[in-house]
Structure formats: C-alpha cells, structure tokens
Amino acid sequence: MSLALDRKLKIRAMVYVAGEPIPYFWPMRNFIHHNPLHGLEKLPFVQAVEKGQALFHGRGFLPRKTYQRFLQEGKIDRASLLAGVQDFVATRSSVPGVDLSHWLMTLLTQVAEPLSKACVMAGTRDVHHALNGKLSECASSVDMAELSAWLHEKVDGARPIYEAVDTLFGTHIGTTLDDLLIKSCLDFFDEGQSAWTMPGRESGLFNAWRELSRRNVRLFLRGVNISQILAQSSTPEGVIAYVMDTLAVPEARWADYFSRELVHLHGWAGFIRWRSNAKHYYWGQHYPADLVDFLAVRLALGLALLKEETGSNVPGSAPELAQFIDAHTAEAFLRYEFYSGNVVPQLAAKVEDAVLRGNQSIISHVFTAYVERKRADEAMLLAQRLHAWGTQASAAFRLTSLSVEALDSLLATVQAFEQAEGMLWLRAMEARAMQVLLRDLDVTPPIPRDKRPFAQALFCIDTRSERIRRQLEHIGDYQTYGIAGFFGVPIGILELGKGSETHLCPAVVTPKNLVLEMNASGPVDESVVGVFEHALHELKNSVLAPFAAVEAIGLLFGFDMIGKTIMPLAYSRWRRKLFPAKQMTRLLLDKLGREQADSILRAVQRAVIVKAVEHELGLPPERITDDLVRQLRETALTNQLPSDELAHQLSLEMAACNAFVTRLRDAYRINRRFSRLQFERLGRIGFTTNEQAHLLGQALRSIGLVEHFSRFVLLVGHGSTSENNPYESALDCGACGGNSGIFNARTLAQMANKSEVRRRLREQGLDIPADVCFVAALHNTTTDEITILDRELIPPAHLIYLERLHKGLKAASRLCAQERMATLVPSDTGVPPDANASSRLALRNASDWSQARPEWGLSRNAYFVIGRRQLTQRAGLAGRAFLNSYDWRVDPKRRLLESILTGPLVVGQWINMEHYFSTVDNERYGSGNKAYHNVAGRFGVMTGNLSDLRTGLPAQTVLKDGHPYHEPLRLITLIEAPFEHARSAIEGVVTIKRLVQNGWIRMLVLDPETRALHLYDHGAWQQVDLPDAFVLEPTGSD
Amino acid sequence: MAILSLLAIGIFLPLFPLSMVWTAFFKYVPWAWLRALILLAWPQIGLTIAFSTHAQLPQWAAGWGLLTAALYALRMLTLRDFSTWIAFIAASAFALLWIGLVNGNSEAVLRFQGLGFSASFIIAAAVVPMLKNRLGAAYGGLHCGMVQRLPRLAGVLVLAVLAATATPLFPSFFALMAVLSEASFMTAVGVLMVWLLWSWAAVRLLQGFLPGVWSRAQTPPDLSLRTTWLSGLGLVTLAGAATVLSSMGFTGGW
C-alpha cells in the first residue's frame, strides 16, 4: 500500500501536533531541568495542570493532607486561604441553613480526604435517603441509555482501542505493548552500553525494527502476527494509515488518538522528539529516528497484539467497541467496574463469575443486584462523609434538614470547590512565601564605601550560592554578585584527553566559539592503574569474557566494594593517589590566524602519526624521524604516492605499507575530508580581542560591577561531586548545560586579565585598575569547598594576600557546610553538627556510592531576585533564592534586564517547575525512587529492568521520609527597578510576558525610587505598599 | 454398595467431578468457624468411610486423584477470591490422599496426613475474615499495596499462604512429604508438579494483595499487635508440633 504524498504529509503533521504537549527529554549526561508541562505553557497555569492531568494522569497539586500539614507548620497563610474561600463562595448560590464559608473552610482545614469522589450510581436523592436513614427508599432502576453514554465517555472517547479492550476484558495488551516497544527502543537507541548492537540502525528506527520484527522469534512464539501488518506498507506513514483504517477510527480523531498513544511512554517520546531536533547530536545523525517512526512501531505492535485477543466476543475496532457497549450495556458496565478495580468488593467474585461465563441471563441478574448494592454503598459512604464533615463544622444536624434540591446544590458546590482547592492552597502558600521574602528586604539607599572590599566574588545565580555568599560576606570584607553560571560566555570546550566538544552554555544556546584545553606540564606516561582500568572496561564490554573474569579477578572487585562501602572517604582518597595528579593546563582562547591553524593541524596530525607508528608498528622513538612522519602525512593526505623508501623506513613490504597508510586514513582520520573539518573547527577556536572585551564588559555591566574593583575578583563557577549517581549532571551548573562551570570561569578570568582587553574596555568607559586580578575558582556544592584555579597565573604581588583569601574561603565553606548539613542529616540530639563534623560529612557524602542524596541540589527553590545585593543581604533566604545581580542605573535601555529575563529567568522557571511537579506527583512527573533505577542506553534511567524513561527528579531530591521537602510554589520573581523600566522589559521579552500573564511565574517589581511594590495578579498590575506585615489578598481564580 | 461407598469417598476425598460438591459447599458456608470445622472434618469423613466399609479401591483411583489434584492446582492460578482459592487447594491436597489410600497406607498415617493438610488450610481460612473486615472482600487485585499500608496483616497473610502451600516446616509440608515417600517415581513427579503449581498460585494470589499502589482513599486499621503475636505464635506452634510429630513417624515414611 503506497500512500499519496499529501496523505503522508498530513499524517506527519498530525504526529507533530500530537507530540507537542510532550516535553523534551535531554540525555542525562547533561541533565537539563525542564518544565514537564512545557508544551502547555501557552495555556494558563490552571488549565495546563488540568490538561496535564488528562494526558499524563499526573496530579497538579499536593493532597489536601499535605497542605494541612503545611498549614500547621506555618508555611501557609490562613488569612489568604480564608479570603480565597470567601471569594469562591461569592460565586456560588447559597444553601439554606449552611454557612458555606465556615463549612468549606472546615472542609479544607479539618477534613483529610476529599468528599466528592464521583458517584456512578447514587444520585442526590439516594444520598438524601441515606442521610435520613431511609436507604431502602433508594431507586432501584437504571437508565440504560444514560449508562451507555457514560460508558462511551469512559471507555470509548479518544482512548486507544486496546486500552478500551484492556479495561473491559482484563487483557494486558497495553503492558505487553509497552514492554515490546521499550525493548526495541533500548536496542535501537543504545549509546554504547550494550556490547551487541541492533543491526541496520543506520536505516532509521522504523526500517531497522521492521527488518528484525519479521524474523523475531519472540514475537513468533507469542503468536503475534506482525508480518501481515508490515507487509501492507514499507513506510511508517503507510503503516500508521493502515492500522488506523483497520481500527476504523475516524480521521478527525487521529491527532488525539496519536497523542494518547505517545503519552503512554512520554519519556521515550520526549527523548525521540529532542533527538530528532538536535542537529549536532552524533547518535541522532548516525541512527535517525523521529516520532512518526516511533508511532508506526507502536501502532503496528498494538494492532498485532489486539488481533491476538480479538475473538467472537472481544471487539477489534472502534465501531465494534461502540456496538458492544450499546448492545451489552449491562455486561460492559460490569466488566468496566471489575477490570478497572472499582467493583464493590463483596460482589467481586460474583461479577467475575458472571462476566467469565458470558451468560446473558446470569449477567442480567448479577447486574441488577450489583447496581442496587453499588447505589446503596455510594449513597451511604457519601452520607457518612457528609455527616463527618458536618460534625467537624459543628452543624451536622443541618444536613438532615436539607431538601433534595438544597443537598444537590451543596454537593455541586463541594465538587466545584474541591476541583479549585488546589489553587487556593497554592496561592495561600505563595502569599506566605512572599511575606517571608519581603519582610527582610533592605530598601534603604546603599551607603557609599570608603574603601574597596578585600575581594569581590561572582557566583552563579544558583540557589546553592546564596548560603556561601552570605557566609563569605559575614566573615570578612567580601562583596558578592550573582551572575549566570556561564558568566555570559557561551563556549564549546575541547578538554584535554577528550575527543568531543562539550557545550558550556544554556541548553537553548549553541556556542559559536571553541576553547581548547592544552597541556602545560609536558608529556605524561599513562599510569599502570589507568591501563588496568582501560583493560577492565574492555573486558566488561565483551559478552563472554566476564564469565571467566569473575573467577579470575572477582576478588579485586570485592576489595573495591568493601572499601567504597565501609570507608568511602578514606578509600576514595587512597584511590586518587594511584592516579597521576591532574596536569597543569592552559586554555587556548585567542583567535587563530590561518597560519597558526594550519600549523596546529599539522602538529596534531604529526602527533597522531607518531602514536600510530609506535602503537601499530612498534618502532622505537629514534627511528620515527621528522622526515618519516612528514612522508606518512603527505601520503595519507594523498599529496604523494607511497614509495619504496617509505616502506623501507617502516621495515614493511609495500602491501603492508599501503595497508598502514589506509589505516592512517580510516582509523586515525589523517585524510583530506577530516582535515577540512578540523580546519573549520580550528577556525571556531577562540575569541577576537573585541569579542573578549565585549563579553567581559557585558558581564560586568549586567551585574552592576563597573567601578570600585577590589584586588581580587573571583569568578566562582560551580560543580558537584558524587558517586554512583545517574543524576550527577543535575547537580552541576544548569547554565553550563549540566556541566561544571570551571571552564567558563577560567575563560572569563583569562580574558579579563589581558591588558589589551582592559584597554578596549577603558575606551568604552569601564576602567579596571591594573592591580585587579581576576581569579577563577570552583565551588563544589556537595562539599562547599571553594578551590582557586590557575594559581600560577596570579601575579606575585597578590600572593601575599592569598593566604587571607584562602582562610576566608575556607571559613565560609565550613560555615556553609554546617548550615547545610543540618538539613541533610538532622542531629539525633537536636543540636546540629559543628563545622568540623559537617565538613567531614559533606566530604563523605561526595564519595559514598551508597548515598542516594549527596546534596539537596536546588530543592526548596522559591525565589528569583533581580537586583542589587544590598536588597537581600540581610535576608537569610536559606538557600531558596536565585540571586541575579542587577543595577538598573547602568542599564538605561533595559538590554541587560531583558537579557537576564530571556536567559537566567527562563532557566530558573524550568528548574522551579520541574521541582514543583516532581514534588506534587513524584510517580508521574518525577522519576520515583532512585533505588530502583537502572541506567538505560547511557542516556536515561528506567525503573526496574523495563519501564518508560523516567523524567523529572527522583524522590530523594524532593521528598524526605515520604513527605515533601521541596515546597511546591511557582517561582516568585522580584525585580528591583523603576516600575516602568521593569514592566517594559517584561513586555519586551515574549516568553516571560507569556509566563507572567499565564500565571507560571509570580512577578513582583520593587521600585527603589518610590518604594512601591507592584504585583502582577489577575491579569493586571496591582500596587501594594510595603508595610512591615505584608499580606496579599488572593482571590479564588488565577 | 461398593459403588456407593466409592462415590461417597470420592466426595469426601475429592475426586473430579465429585470434587465440585466440595468446592460448591465450601463456597457457600458463611461462618469462619464452620469452615474451619469442615476443613478439618471433610477428609476424615472420607477416610472413615474408606476404612469402615473396607471398600475395594481401584488402582486407577490413585492416578485419578493425582489428576484431580493437578487440575485444581492449575485452576488455582487464575483465582483471586481467597476463599475459593482455599477450597481449591484443599480439593487438590485431599485428592492426593488417594495415593496413600490405594497403596494401602495405615489409617493412622493417612489421618495424620489429612490433619496435616487441614491444619494448614485452617490457618489460611482464619485470615479470610481479617481481610473481609478491612477490605470488604478477601479478593486479590482490588486493594494492592497492603505491604505498605497494612504490614502486619500482609505478614500474616503471607505466612498463612505459605503454610497452605506446604512450605517447610508447616504441617502440610510433612503431609506432602509423606505422600511423596509412598509414591512411585512417576507419581512423585506428578506430585512435585502439583506442589510447583501451588507455589505459583500462591505467588499470583499474593501479587494481588501485597505490592502496588494503595488505591483506596483511607487505610483501615491494621491487625493489633496482640493479634499479630498470637497469629505468629500459633503458626510457630503448629510448625513445631508438625515437626515433632513427623519425626515420631506419625505422618508416615518421611
């Protein structure tokens, strides 16, 4: 069956649209925090949450019990909650004799479980009878037409057919389908984890899978006749069309249908979506796959499994399903109740017996009894709950006096209220958080300094920097600033010893410039341990060797296991001594001239050829002359033909010499094509002096550091250390693409210390005195250690101050660790561990392979403050704030503010939303318990041995002892700038404008000139004064 | 008369299709104490009829008993109702007594074997009302996640099911060993297959109760500490008694 082109394109477009709500999933090697409802950000927050619930079955708010606990702990503002309830009541009609505000407030704060689980059978009249003790008067008949319509909505709708069949017939088509598809995805998308790879991957996901499926013994043994389906078309679009036509789903519903199919494995779908759009992703380029392929595989397998189950009774298409429900409504209802787990327990056995027998008269008899029992049970349960609620409200007697109409109105009000209560809680929680933030702000004008500070330090805006900045400022004359962790310098880095480039910038940016890390300490022999490790790695990748290796060297792994487990810190220190110390390196970040580039290329190729000759031919160094190397290079690049002399020098026959030259071209890539690529890459190396001056100037102006430079200006990038942690990258710098900020810090420091760069900045009005030394440093967020980098570049005159700087940094580290450890491991005695013990504990966490929570990371993030440091200096924000330094006075055209809004704030919002949803529903939006995670293909994790790719954050990151540790709030953003200045900047950045208007971010503007506070709420800006006790008045809708 | 005796024995030591009397009867007994009594008495009645009438038992009855046991064991795999599950495993176990009966085992030994099976099933039957009171029905697959929400009840349930499926050192284990010791090689293989099916059925049953996500809005109260300890003590006592009696040779060759 070959499809017309227009139909193919239409199907592609439908799949594209169907995949839009599914967020990207980046490979975990560079973990990118993202909003799981990113695809729904065009909707207001409330609507997006509802849609997310429908698509992903994920909860958008915490359970009521948890909010009640927060209320008791003082994390929710009761007054705001009451105001929200009153606002809601104002939109509803009153119920005679019932004080709705009081009752609903009681419901929220004193009733643990929601009341209004939807009743299937019982109506208001039945509940009324139950309340009045007249259960026997409940109705006995059922409106079959209404029941049929209800079943159509529940079962039919846009659900995949097999899902409906599973629901009605207790089959497990969905589970089997997911398993088969996941196995195929694991095989195809593997990135070096498996020793045996799937054949034919180069032809794409669908084609490779198709070839294998026709010969798949596993499918054959299961009796799954996939060949017949695959024979219908050789293209994924053709297969999709065939399956949908076979299932007789109307074309108008296809996009919806595709959506439902894709969200079943939204982790895999998100990964494929990202991969198919990542232009420079090696694996995506070599083994292409897109959502159309994925969907075609899924639909084909689904249809084959469905056909396996389809018989005389089991419907196999949409019309058959609809017909079954209409013709056998009673049976369909019993089946739905039983297989969806909602069956009345006391009648479960009878219902199962009836549906298995299939005898219509038995079914009818059981149906009548079942409906009667279900109606009574539902009415009684709801009546009991209403009564309990009334008792809590000290007015239970009112319930029995209500008429049926009044009771109906009350139940409708409760239902609507419980649907809206999540937002009430959230807004009340945000109100309290805003109070906490605003209470300690310092809005007084800054006092001019009489002397420059001892040192200034630029930290990443990451919430973890807040603590260390506060401690550093506390212990000495230090001034700190917050800037995006890549310091405004997006680079690709080619690290020493690595063959591939890493992007060190936000995920949405592609860096144009490449920086090379060069060895500055001379050649180093590979250590014995390094060779051994390499050999072990090769051994583990072999299929059969491990069986023998276990017997031979298994004990060695035992020593390693015992050491890592019992004394992780000491063992890791000892292990580090086995490896040579890290070499001294320099960064090549100046633009290369053409000759320089050519010279470097030649040098690299010569070095590779020397290695190749040593390794492959075993020639001693004295025989590998420059001339030999030059001849080999020229021959490999086809500038000359292989000669007898060359063969003689290599002590090879001519044929062997030709083979070696071919190997140089193929394996070692000494060829023209690769040379051209490398030359292009070399052209990307470095920055011109103008570019360096521009980047440095922009970075300094964006944080308001334009004068009064101190002797030391530290550029502190951050990274983390942990063992056995697939989420390691999530603890690194998000602004650096999930990597450490070490290279960005070093790059900017090197640029800033150049006299030529400073001279150009001076011409622009930014004067950095000659005695200012920019120093790169690294803040390890797991241990809180701050390590100074490139010490050898510090001028001699500054060395006398270095000890004081070291002491200050060390003291701040220890104090920060002490503050942080109290949250990680609460002391049994109630007294937090001292600085010594805390530092040791932090170091241990970083080296303990059994530690599921080496640090909290960005958990409890709540605020994003854009303004001067003085504003928040007095506020102990407990590591909950992104602090981005900004001085509006040096930004008259708002460009710097817009740049902050476009970049760091968007990243902050992604981080905030990821934490939010991972907390409110860790099973659906988060990735569940780390203990059950297994790495899949080296790019993601699964739960157990086979599951969807787990997106979101693990339980250990956002929960503590089963309760939320992270408080799920929308990001409360505060901009310190004149109101019009800030408002125009927000309006000028489309992404932020949409996020603010749709309620994904709570936006505050503090005007330093008028001291007025402006809040964006209910679609408009509201001015609020800044009193000592600051209370917001939210309303029921957002 | 002989045929009548055989039919009667076939009802009380359930042989298919007469075993349907047993399973139907057990399902409709409402009270837990009555079920316990019936579990205890049923095979004893069958043995009493067999020995008091000196019925001539055909050789094929042993094979038919084994097939009956296998049939009910297989059928157990798909059962979710715990009461029915107990009825079926009892039918399967009591049917195995035919092997010893046809081979001419002594009455005392067979009675102890019967008691061994019955005692283990009574434990399982005692758990049924515990489940019904808390969950509405003793029905697997309706309320998963018991291990997290009702850990004591989950623990007692597991032990009860293990006891019923002839796990060492419960009485049914010794009874089954005794059956095996009297069986020929092929019959023993058949008995072992039945035992394997019991284990499989046990896991499938427990899967419907223990793991998973708790779906009910509220969690009923778990077993009290006292009840848990008493249940545990009861199980340990039973296991101990079975071990001792078995070592004294009461249950036969093992």
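Long-range contacts make up much of the picture in chain A: among contacts with a separation of 6 or more, 72% join residues 24 or more positions apart, a contact being two residues whose C-beta atoms, placed from the backbone, lie within 7 Å. The model is a predicted one, with local features needing pLDDT of at least 70 and side-chain atom pairs counting only at pLDDT 80 or more, while totals for chains, interfaces and linings use all residues. Residues are numbered from 1 along each chain as its sequence is written, and chains are lettered from A and ligands numbered from 1 in the order in which they are written.

Chain A holds 42 helices and 19 strands, both being DSSP runs numbered from the N terminus (helices: H or I, at least four residues; strands: E, at least two). Its radius of gyration is 33 Å, close to the 31 Å from the globule rule for 1038 residues, so chain A is as compact as a globular protein of that length. That radius is taken over C-alpha atoms, and the rule itself is 2.2 Å times the number of residues to the power 0.38. The C-alpha trace spans about 105 × 80 × 60 Å along its principal axes. Some 45% of the 1038 residues count as buried; the label calls for 20 or more other C-beta atoms within 10 Å of a residue's own, against 12 or fewer for exposed and anything in between for partly exposed, with C-beta atoms placed from the backbone. As for domains, whose bounds come from an automatic or database domain assignment, chain A gets domain 1 (1–6 + 172–313) and domain 2 (525–582). Their centres, taken over C-alpha atoms, sit 40 Å apart.

Within the residue range of domain 1, helix H13 (residues 236–246) of chain A has 8 of its 11 residues buried, so it is largely enclosed by the rest of the structure. The buried set consists of Pro236(A), Glu237(A), Val239(A), Ile240(A), Ala241(A), Tyr242(A), Val243(A) and Met244(A). These residues pack against helices H1 (5–19), H10 (205–213), H12 (226–230), H14 (254–264) and H17 (291–309) of chain A. Just past the end of H13(A), Ala248(A) adopts a positive phi of about 55°.

Next come the nonpolar cores, each a set of buried Ala, Val, Leu, Ile, Met, Phe, Trp, Tyr and Cys residues joined through C-beta atoms within 7 Å. The largest has 355 residues, and Ala300(A), Leu334(A) and Leu715(A) touch the most other members. Apart from that core lies another, of 13 residues, including Ile609(A), Val613(A), Leu646(A) and Leu650(A). Leaving out residues up to four places away in sequence, Leu715(A) touches Leu458(A), Phe487(A), Ala745(A), Leu748(A), Ala749(A), Phe774(A), Ala776(A) and Ala777(A).

Leu715(A) also belongs to strand S7, which covers residues 712–719 of chain A and has 8 of its 8 residues buried. Both faces are covered, with Phe712(A), Leu714(A), Val716(A) and His718(A) on one side and Val713(A), Leu715(A), Gly717(A) and Gly719(A) on the other. S7(A) runs parallel to strand S1 (residues 455–460) of chain A, joined by 5 bridges; pairing here requires that DSSP finds at least two bridges between the strands. Ala457(A) stands opposite Leu714(A) in that arrangement. S7(A) also pairs in the parallel sense with strand S8 (residues 773–780) of chain A, over 8 bridges, and there His718(A) has His779(A) as its bridge partner.

Strand S16 (residues 971–976) of chain A tells a similar story: 6 of its 6 residues are buried, so it is largely enclosed by the rest of the structure. Leu971(A), Thr973(A) and Ile975(A) line one side, with Ile972(A), Leu974(A) and Glu976(A) on the other. S16(A) pairs in the parallel sense with strand S10 (residues 863–867) of chain A over 4 bridges, where Tyr863(A) is partnered by Ile972(A). Strand S17 (residues 1001–1007) of chain A is a parallel partner of S16(A) too, over 6 bridges, and Thr973(A) is matched with Met1003(A).

One loop residue deserves a look as well. Leu441(A) sits between helix H23 (404–439) and S1 of chain A and is buried, with 21 other C-beta atoms within 10 Å. Leu441(A) and Leu871(A) are 430 residues apart in sequence but 5.4 Å apart in space, C-alpha to C-alpha.
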